[in-house]
Amino acid sequence: NLLTVLANKATLPPTEHTAANISCMCMCVQSMRSPPEETLQLVEDNLKQLPPLATSHGGFILTTLRDCMLTLVRTRDLHTVLPPSILTSLLSLYPTSYSLLEAIQIYCSTTLPHDVTEELVTILVPSLSSPFSHVRQKTLGTLTSLSHTHPLDIDLLQLCTSSENTQADLLHYKEKIGYMRRLVYRADRCQLMTEIGMRLLLSQFYTNFSPIWSQVRQLVTSYATEEAKGVFWKVTISIVQIGCDYLEV
């Protein structure tokens with residue numbers, strides 16, 4: 001009966017208020033072994049209508065977007081419901097939204113065409129330069145889940161994850177430095193993995209633990225080579241641009 005009531009309310013065009021009804025309906029459906037197809041279709045229809053609303057409201061709308069994806073992932077190929085370009089535009093607006101990053105991780109857990117995987121990797125990698133550790137951790141987790149359909153270096157991703165998950169304090173200083181030193185520039189890495197390593201190193205300057213900064217500076221300098229200059233300047237300029245954007249705001 002509760003599902004019927006919620007479904008009737010969720011047939012209205014999604015707004016910031018009806019999003020709560022959609023989210024509750026998703027939680028009910030997730031607890032069912034065999035949810036009714038008509039209910040799943042309703043969730044799918046709402047999922048398609050949420051992104052435009054999220055561009056102006058964000059917040060709870062993005063949480064509802066995640067709940068809809070979690071509800072449909074067992075029965076739908078999500079990339080046929082939502083094109084990755086929609087997630088790209090939302091990520092550019094809300095690059096630090098944990099709910100959106102969770103939604104993208106759910107999206108990436110399904111079998112995706114190669115071109116979709118390529119686009120998602122492209123939009124996710126810059127998030128490794130985020131000032132927020134939880135954003136970097138979630139991004140690394142999503143990239144790792146994509147490594148079975150994309151030629152990502154799983155060993156490097158695991159190394160980055162270990163480095164990011166190790167606290168920056170006196171107790172874990174040697175362990176963290178040990179992980180970071182293995183991110184030194186290597187000529188045998190492709191451009192994408194070189195960019196991932198450099199972005200994660202640069203993000204450590206946001207860490208409120210100055211004893212690691214001199215080590216990070218030396219490791220970043222190792223990327224300033226003739227072979228890696230394209231990646232080096234691409235990453236450096238993008239981070240400077242982000243800083244300028246924050247100053248303008």
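Before we begin, one definition: when I say that two residues meet or are in contact, I mean that they have heavy atoms within 4.5 Å of each other. With that in hand, and remembering throughout that what we are looking at is a predicted model, let me start with a pair of helices to which the definition applies directly.

In helix H10, which covers residues 154-165, the residues Leu156, Leu157, Cys160 and Glu164 meet Met193, Ile196, Leu200 and Ser203 in H12. If we sort the residues of this contact by class, we find 6 nonpolar, 1 polar and 1 charged. How do the two axes lie with respect to each other? The axes of H10 and H12 come within 11 Å and cross at roughly 5°, and, since an angle under 35 degrees counts as roughly parallel, H10 is roughly parallel to H12.

Let me now step back to the whole chain. It has 14 helices and 0 strands, so if you read along the sequence you will meet one α after another in the pattern. The C-alpha trace spans about 60 × 35 × 35 Å along its principal axes, and of the 249 residues in the chain, 47% are buried. As for how the chain comes back to itself, if we take the contacts with a separation of 6 or more, 67% of them are between residues 24 or more positions apart.

Two pairs of residues illustrate such separations in sequence. Ser31, in the loop between helix H2 (18-30) and H3, is exposed, with a relative accessible area of 63%, and its C-alpha atom is separated by 9.4 Å from that of Thr71, although the two are 40 residues apart along the chain. Gly141, for its part, lies in helix H9, residues 133-146, and counts as partly exposed at 26% relative accessibility; Gly141 and Glu102 are 39 residues apart in sequence, and 9.8 Å apart in space from C-alpha to C-alpha.

Next I would like to turn to helix H6, residues 84-93, and ask which of its residues are buried. They are Pro84, Leu87, Leu90 and Leu91, and, seen down the axis of H6, these buried residues fall within an arc of 120°, so they line one face of the helix. It may help to recall that an α-helix has 3.6 residues a turn, so residues three or four places apart point the same way. What do the buried residues of H6 pack against? Their partners are helix H3 (37-57), helix H4 (60-72), helix H7 (98-108) and helix H8 (114-124).

Some of those partners also pack against each other, and here it is useful to know that two packed helices are described by the angle between their axes and the distance between the axes. For H4 and H7, the angle is about 20° and the axes are 8 Å apart, and H4 and H7 are therefore roughly parallel to each other. H4 passes H7 in a left-handed crossing, and the contact is made by Leu62, Thr63, Leu65, Arg66, Met69 and Leu70 of H4 together with Ser99, Leu100, Glu102, Ala103, Ile106 and Tyr107 of H7. By class, the residues of this contact divide into 8 nonpolar, 2 polar and 2 charged.

H7 and H8, on the other hand, pack at an angle of about 155°, with their axes 12 Å apart, which makes H7 roughly antiparallel to H8. The crossing of H7 past H8 is left-handed. Here Leu101, Ile104, Tyr107 and Cys108 in H7 meet Val116, Leu120 and Leu124 in H8, and the contact has 7 nonpolar, no polar and no charged residues.

I will finish with two individual residues. Is Asp67, which has its place in helix H4, buried or exposed? At 7% relative accessibility, Asp67 counts as buried, because the cut-off for that word is under 20%. Leaving aside its neighbours within four places in sequence, Asp67 is in contact with Ser23, Cys26 and Gln30.

The other residue, Thr207, is found in the loop between helix H12 (191-203) and helix H13 (213-221). Thr207 also counts as buried, at 16% relative accessibility, and, not counting residues up to four places away in sequence, Thr207 touches Ala168, Ile212 and Trp213.

Note on methods
Residues are numbered from 1 along each chain as its sequence is written. This is a predicted model: local features need pLDDT of at least 70, side-chain atom pairs count only at pLDDT 80 or more; totals for chains, interfaces and linings use all residues. Side-chain values use heavy atoms; hydrogens and water are left out. Buried means under 20% relative accessible area, exposed over 50%, partly exposed in between (1.4 Å probe, protein chains only). Helices (H or I, at least four residues) and strands (E, at least two) are DSSP runs, numbered from the N terminus. The arc is that of the directions from the helix axis to the C-beta atoms. Axes are lines fitted to C-alpha atoms, for helices over the stretch in contact, and angles run from 0 to 180 degrees between N-to-C directions. Angles under 35 degrees count as roughly parallel, over 145 as roughly antiparallel, 65 to 115 as roughly perpendicular and the rest as oblique. A crossing is left-handed if the near helix is turned anticlockwise from the far one by less than a right angle, and right-handed if clockwise. Ala, Val, Leu, Ile, Met, Phe, Trp, Tyr, Cys and Pro count as nonpolar, Asp, Glu, Lys and Arg as charged, and the others, Gly among them, as polar.
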